Amino acid sequence: MASSPGSNASLSREKTILSENCQAKKSQYSEEETFYMNCRAAYLAVFKSSLENIKSKEQLCLVLQQAGRNPSQKTVNQYWTPQTTTLNFDDFCNILKKEKPATKTELLKAFLKVDTNNDGYILHTELYKILTVRGEKMTVEEVNAITKLADVNSNGKLDYNKFCKLYMTTNEQCRKTALEKLEVDSRLRRQQFGSQVETSSERATTPISKPSSRTTRKTDHKPAPKRGDNRTSSRPSSAQSCKESISSTISMGTSSNTNSELIEPNTVKDWQCAQSKGCFFLEQDGEIITHKYKLYLPQRSTVYITIKPLNLSQLEGKTSPWLSVDTALYVLKENESQENLQLVSFTEARNKEMFMWKGELGSGIYWLIPFTTGCRLKKIKKQITGEAKLVYRDEDGELALTKEFKAALSDIFEMIDLDGNGLLSLEEYNFFELRTSGEKCDEEAWTVCKENFDTKKNELTRQGFMDLNLMEANDREGDPSDLWVTLLSLGYNKALEMTEACPFVIDIYAEKCKPRIKAVYLEAGSRQLNRAICKSVVNKGDAKVLDSGESIIVYTYKSDTRITSVTENKSENKVVIHVNNEQSKNCVNNRGLNIFAVEVAPKSMMVCQHVMPLKEQEEWIYNCVHSLVP
């Protein structure tokens, strides 16, 4: 039937309005997407690819400035420590989360403190004095650059209101320039999110509801996936524009504390045992440092290996906050060289907070590499009302350690006493020194230590360790600054709570021989560990091909407590994978972002993410879309 001119005009208007609404919806990125886009724009304004690493303090400062930050040297040093060699794009994103750009109000407040006349101006002579003498000193050339800005200076004075306005405008222009560069290069823009032109009308009108294990989604009229199932679900809008996508949905029940696949052998108490303690330490940039071990087996034997967080609480009713941190131990066989380690297995079965593996190992040397996903051991912002007191003066005016500090030192002693014999050997003490000062104690210094502090069998006792810290306080005449450096490096906050470390204990039982375990390194996750994780996921996970050429494969491994995805790139070119977790429920991942992208180098594999339940007592749903960006 023919339409009337009036109806055609009305239809045309409706189409125009609908088109405008759709365009408006497409341009509205979520706050997380906007943050990530700004991160990527700033990074690619300095580097050619987000696979490229930051290799110096100067590069870190430059890329932070490109992101609208103006980092002080103190801030740069916080993230680029003497142990830092490189930072990657993920590290950069994490830094930007913590370092918020200065606001105009904050800048004005800082200038008002030195504006003695309260007239909106600061004399250049006063400015030189403030900026080159006080606090973090600037060079004369840097101050000259400020005073020579014609728009904000006149008659030997700085108009700091105009300066603040210029500063904010310049920062915003840097950000816009980086975004414009990203927009001009459409390929780079698609690496970020795709074109986003295929947003569904459903998304344009109502928010997408998260899938529930008890309800059927109205949009696809398919039953919800059963617990533990892998199914392909409809794509969220942010992935629809990409050429090729796969979606994985895994519905998980409440995490059980026991995995019945592995029960401790009844005879294990009769087996020979070796034990060592260790710790995961969280760095300022989010990197995790841990001990690494060598296991020596003199003959072939069935072994039973466990790892679990170490409960250090000495106070009744007080629990250790790190007991919920996930732990795992990867067993690698040493062949001709350390560079060529072969994955044997890892602790997969669970009994409460303990993870276990039982199997047969031949004689030889094995590497034991502890691992935690980083989902639960991460930086947390906690308001500390007051700093704990470490020392005080007694009735005679002598310095003494407070009860709270003694309890913390006792826990630290327990943690660094790796073999658990109640004494500290030079090797054990040196792991403590490397972590807290970056240096080792040599034999001569150790001899002096033994002469002045309580020892037994040439090893430092708990009391000797306490007295050593008291001496440090006396050397500083009661100033606790150095003591706090030690505590903070070991994961304590100013309330004397260990929030950024997770001590653990490893037990090795062997049926037919005496195993020996020795801590050999304290360092960040190695290439060998990453390779082992990828290999374990490929061996045990489900595989899905992402591209038509079958060269990009996503592997998803599911255990009772975590889900890990690994991407393999068999092609000759690097690929960019867009990862979207927006529809997941009760989940937390190690990256701290629900939406991100990863670049996978040619002929390589990499871990995309680790995911765990936010609340173990509740059901959780992993719903992740991996999209190949053209």
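**Exercise 1. Strand β12 and its partners**

In this predicted model, find which residue of β12 stands opposite Leu 329, and then work out which strands pair with β12 and how much of β12 is buried.

*Solution.* Step one: Leu 329 stands opposite Pro 370 in β12. Step two: this pair belongs to the contact between strand β8, residues 328-334, and β12, which run antiparallel and are joined by six bridges. Step three: strand β6, residues 288-297, also pairs with β12 in the antiparallel sense, over five bridges. Two of the facing pairs can be looked up in the structure, for Leu 297 stands opposite Gly 364 in β12, and Leu 295 stands opposite Tyr 366. Step four: β12 covers residues 364-371, and because six of its eight residues are buried, the strand is largely enclosed by the rest of the structure.

**Exercise 2. Strand β6 and its other neighbours**

Describe how β6 pairs with β5 and with β18, and say how many residues of β6 are buried.

*Solution.* Step one: β5 and β6 pair in the antiparallel sense over three bridges, and one pair to look for is Leu 282 with its bridge partner in β6, Ile 288. Step two: the hairpin of β5 and β6 has five residues between the strands, and in this hairpin Gly 286 takes a positive phi near 90°. Gln 284 lies in the loop between β5 and β6 and is partly exposed, with a relative accessible area of 36%. The C-alpha atom of Gln 284 is separated by 10.0 Å from that of Asn 94, although their positions lie 190 residues apart along the chain. Step three: β6 pairs with strand β18, residues 516-524, in the antiparallel sense over eight bridges, and the bridge partner of Thr 290 in β18 is Glu 523. Step four: β6 is mostly covered, with nine of its 10 residues buried.

**Exercise 3. A small open sheet**

Give the strand order of the open sheet of three strands, and explain why one side of β1 and of β2 is left without a neighbour in the sheet.

*Solution.* Step one: the order is β1-β3-β2, with antiparallel pairing. Step two: β1 (121-123) and β2 (153-154) stand at the edges and have a single partner strand each, so one side of each has no neighbour in the sheet. Step three: β2 is joined by two bridges to β3, residues 157-159, and these strands run antiparallel; here Asn 153 stands opposite Leu 158 in β3.

**Exercise 4. The largest cavity**

Say how much space lies in the largest cavity, which residues line it, and between which domains it lies.

*Solution.* Step one: the count of cavities of 30 Å³ or more comes to two, and about 90 Å³ of space lies in the largest. Step two: its lining includes Asp 326, Ala 328, Phe 346, Phe 371, Tyr 557 and Arg 562, and by class the lining divides into five nonpolar, four polar and three charged residues. Step three: domain 2 (245-258 + 541-629) and domain 3 (268-379 + 501-525) both give residues to this lining, so the cavity lies between them. Step four: Ala 328, one of the lining residues, is 8.9 Å from Met 354, C-alpha to C-alpha, and the two are 26 residues apart in sequence. Met 354 is found in strand β11, residues 354-361, and it is buried, with a relative accessible area of 18%, since buried means under 20%.

**Exercise 5. The second largest cavity and its helices**

Find which elements give two or more residues to the lining of the second largest cavity, and describe helices α13 and α14.

*Solution.* Step one: the second largest cavity has a volume of about 70 Å³, and among its lining residues are Cys 279, Phe 281, Met 415, Ile 416, Phe 431, Phe 432 and Arg 435. Step two: the elements that give two or more residues are β5 (272-282), α13 and α14 (426-436), and α14 gives the most, with three residues. Step three: by class this lining has nine nonpolar, one polar and one charged residues. Step four: domain 3 (268-379 + 501-525) and domain 4 (391-490) both give residues to the lining, so the cavity lies between them. Step five: α13, residues 403-416, has 14 residues and reaches 20 Å from its first C-alpha to its last, close to the 20 Å expected at 1.5 Å a residue, and its buried residues include Met 415 and Ile 416. Step six: nine of the 11 residues of α14 are buried, among them Phe 431, Phe 432 and Arg 435, and just after this helix Gly 438 takes a positive phi of about 80°.

Conventions:
Residues numbered from 1 in each chain as written. Predicted model: local features only at pLDDT ≥ 70, side-chain atom pairs only at ≥ 80, totals over all residues. Heavy atoms only, no water. Pairing = 2+ DSSP bridges. Helix = DSSP H or I, 4+ residues; strand = E, 2+ residues; numbered from the N terminus. Expected span 1.5 Å × (residues − 1). Buried < 20%, exposed > 50% of the residue type's maximum accessible area, 1.4 Å probe, protein only. 1 Å grid on protein atoms, 1.4 Å probe; cavity = no way out; pocket = protein on both sides within 12 Å on 5 of 7 lines; lining within 4 Å. Points joined across faces, edges and corners; volume = space filled by probe spheres on them. Nonpolar A, V, L, I, M, F, W, Y, C, P; charged D, E, K, R; others polar. Domains from an automatic or database assignment.
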